[in-house]
Amino acid sequence: MSGNINNMRETTMTQLAPKLVEATPPSGDSLATGDRITLRDLARAHGVNFILATFVDLNGKPCAKLVPTSAADELEAGALGFAGFAAGLIGQEQHDPDLIAIPDLDSFTPLPFVREGLALVHCDPHVNGQPWPYAPRNILKRAIAELATRGMTAKVGAEVEYFLVDRADDGTLAPADKRDNGPRPCYDARGVTRMYDHLAAVSTAINSLGWGNYANDHEDGAGQFEQNFDYADALTTADRVITLRYILNVLAEERGMTATFMPKPFTDRTGTGLHLHLSLWSEQDEPLFPATAAADVEADARGLGLSPVAYGFVAGLLEHAPALQAFLAPSVNSYKRIGTATSSSGATWSPRKASYGGNDRTHMVRVPDNKRVELRSGDGAANPYLAVATSIMAGIDGIDNSIDPGNPSGPGQAPEGAAVLPATLLHAVEALRHDPVILASLSGDEATGRYFADAKETEFLTWHAQVSNWELDTYLTAF
């Protein structure tokens, strides 16, 4: 719920990339002086003994192999194969050839605070020498390439919310901090202090990586927290969300807690969001959302100080909002966050309609200033690569077709006829199937989108087939 997650403070190119090759090697060793720095060079310079070669499936599950630095050359050369069907939802059957993990050296991230001598590198899965179209990181790279053909780049900030919980033997959940049980704990100084060791460890860790952590706060639900870092280019931010989830899980486990990004782990509490702050920039790194041209400023009767490009981008988000929810809220549990009427705090912070407005957190698209827009309908289950990629493609459609978003809505309001966000995952799947732009936004054709839609329908129907305690309580003796 940060108020300045992406406040467009000056950011250098060093801050915009997670790579640490500019830093003085902790061992005193120098990097290779040849034409190209290799993965082995990076590992040796940072005292790394093992590398987590990592990618995620369409659900966002992190998959990795632990590779010794002595085998770094083989990893970089494409010798590391994964059985894709076993890895998860990534478009493969048992008989398919291996996914080959090709490391992106710009994503090399030492993790000494997790294990001494450990690093992580994000990889791009390939099959038969070609980027695999079902791999989320490849999907985001395709969206970025689409922007590049229009002379644009995207920068993204992400608000990573999560709960710290304990799970009893009977399966019930409770906040890991047993004193954290009030109805309105947001920003509570005492709750933050009780979790100081965990929050400080995470902050110190990500600041050591150059991410620019600037706030760590107690969120709206008991047991819920958020830790913010500077915005960056779209791929870097998506990588960092995946890396941060891993860091949060591991550091929480070391303290006997579970960090969960489940959208709605508690019936009576606010759910967990993944709010994205989106902006477009020129190839010369000039912001494209502010209305800077005199004609645009004069023509901006809507009063938000945005350029035609920005309004077109917003219109694309609104136009494709129902289908986007399949990626922004991709779990059965997601719709218990969206559909809830209230919470113990009195607010859900979760939009129900496709509306936009100024600095108002009830809208799906909030415009806190003229440099960015905040997309607020995503949750903790969202795969950041897919969420960002599909949002970019929706925005591109709005720009290319000069779609009009209409006038911004007032506080707590939505325009007549505004699309209602899907009520369940099954509704979101149907919206996706009927939206050719978003359906084709993953790979340029509809095959990958239809594969994702089919998988999510199966997920919904699998859940729907389970007999719940609510059904027993309601129906057992009702007839």
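Visitor: Where does tyrosine 187 lie in this model?
Guide: Tyrosine 187 belongs to no helix or strand named here, but to a loop. The model is a predicted one. The phi of tyrosine 187 is near 65 degrees, a positive value in a residue other than glycine. Its place is the loop between β9 (173–175) and α5 (189–194).

Visitor: Is serine 402 buried or exposed?
Guide: Serine 402 sits in the loop between α12 (384–400) and α13 (425–433). Its phi is near 50 degrees, again a positive value in a residue other than glycine. The relative accessibility of serine 402 is 63%. The cut-off for exposed is over 50%, so serine 402 counts as exposed.

Visitor: Which aspartate forms a salt bridge with arginine 190?
Guide: Arginine 190 has a relative accessible area of 60%, so it is exposed. The partner has 18%, so it is buried. The N to O distance is 2.8 Å, and the partner is aspartate 188.

Visitor: How many residues apart are arginine 137 and aspartate 104?
Guide: These two form a salt bridge, with the closest N and O atoms 3.0 Å apart. Arginine 137 is in helix α4, and aspartate 104 is in the loop between β4 (99–103) and β5. The pair links distant parts of the chain, at a separation of 33 residues.

Visitor: Are arginine 137 and aspartate 104 buried or exposed?
Guide: The cut-off for buried is under 20% relative accessible area. Arginine 137 has 3%, so it is buried. Aspartate 104 has 15%, so this residue is also buried.

Visitor: Which residue forms a salt bridge with arginine 372?
Guide: Arginine 372 has 3% relative accessibility, so it counts as buried. Its partner has a relative accessible area of 23%, so that residue is partly exposed. The side chains meet at 3.0 Å, N to O, and the partner is aspartate 369.

Visitor: Which residues do salt bridges that share partners join into one network?
Guide: The structure holds 23 salt bridges. Arginine 137 and aspartate 104 form one of them. Through shared partners, the network joins Asp104, Asp124, Arg137, Lys141 and Asp239.

Visitor: What is the volume of the largest pocket?
Guide: Its lining has 14 residues, and the closest to the centre are Leu173, Met262, Lys264, Pro265 and Asn333. β8 (152–167) and β13 (258–260) each supply at least two lining residues. By class, the lining divides into seven nonpolar, four polar and three charged. The volume of this pocket is about 490 Å³.

Visitor: What is the volume of the second largest cavity?
Guide: The count comes to three cavities of 30 Å³ or more. The second largest is lined by residues including Phe55, His122, Arg137 and Tyr385. β1 (50–56), β6 (118–127) and α4 (136–148) each supply at least two of its lining residues. Its volume is about 50 Å³.

Visitor: How far apart in space are proline 112 and histidine 46?
Guide: Proline 112 is in the loop between β5 (109–110) and β6. Its relative accessible area is 41%, so it is partly exposed. In sequence, proline 112 and histidine 46 are 66 residues apart. In space, C-alpha to C-alpha, the distance is 9.5 Å.

Visitor: Which residues make the nonpolar surface patch of about 320 Å²?
Guide: One member lies in the loop between α15 (447–464) and α16 (469–475), and this is valine 467. Valine 467 has a relative accessible area of 63%, so it is exposed. The patch is made by Val467, Leu472 and Leu476.

Conventions
Residues are numbered from 1 along each chain as its sequence is written. This is a predicted model: local features need pLDDT of at least 70, side-chain atom pairs count only at pLDDT 80 or more; totals for chains, interfaces and linings use all residues. Side-chain values use heavy atoms; hydrogens and water are left out. Patches are made of residues with over 30% relative accessible area and no salt bridge: like charges are joined within 9 Å, nonpolar side chains (Val, Leu, Ile, Met, Phe, Trp, Tyr) within 5 Å. Accessible areas come from the Shrake-Rupley method with a 1.4 Å probe; for residues, only the protein chains shown count as cover. A salt bridge is a side-chain nitrogen of Lys or Arg within 4 Å of a carboxyl oxygen of Asp or Glu. Helices (H or I, at least four residues) and strands (E, at least two) are DSSP runs, numbered from the N terminus. Buried means under 20% relative accessible area, exposed over 50%, partly exposed in between (1.4 Å probe, protein chains only). On a 1 Å grid over the protein atoms alone, a cavity is a set of points where a 1.4 Å probe fits but cannot get out, and a pocket is an open set with protein on both sides within 12 Å along at least five of seven lines; lining residues have an atom within 4 Å of a point. Grid points are joined across faces, edges and corners, and a volume is the space filled by probe spheres set on the points. Ala, Val, Leu, Ile, Met, Phe, Trp, Tyr, Cys and Pro count as nonpolar, Asp, Glu, Lys and Arg as charged, and the others, Gly among them, as polar.
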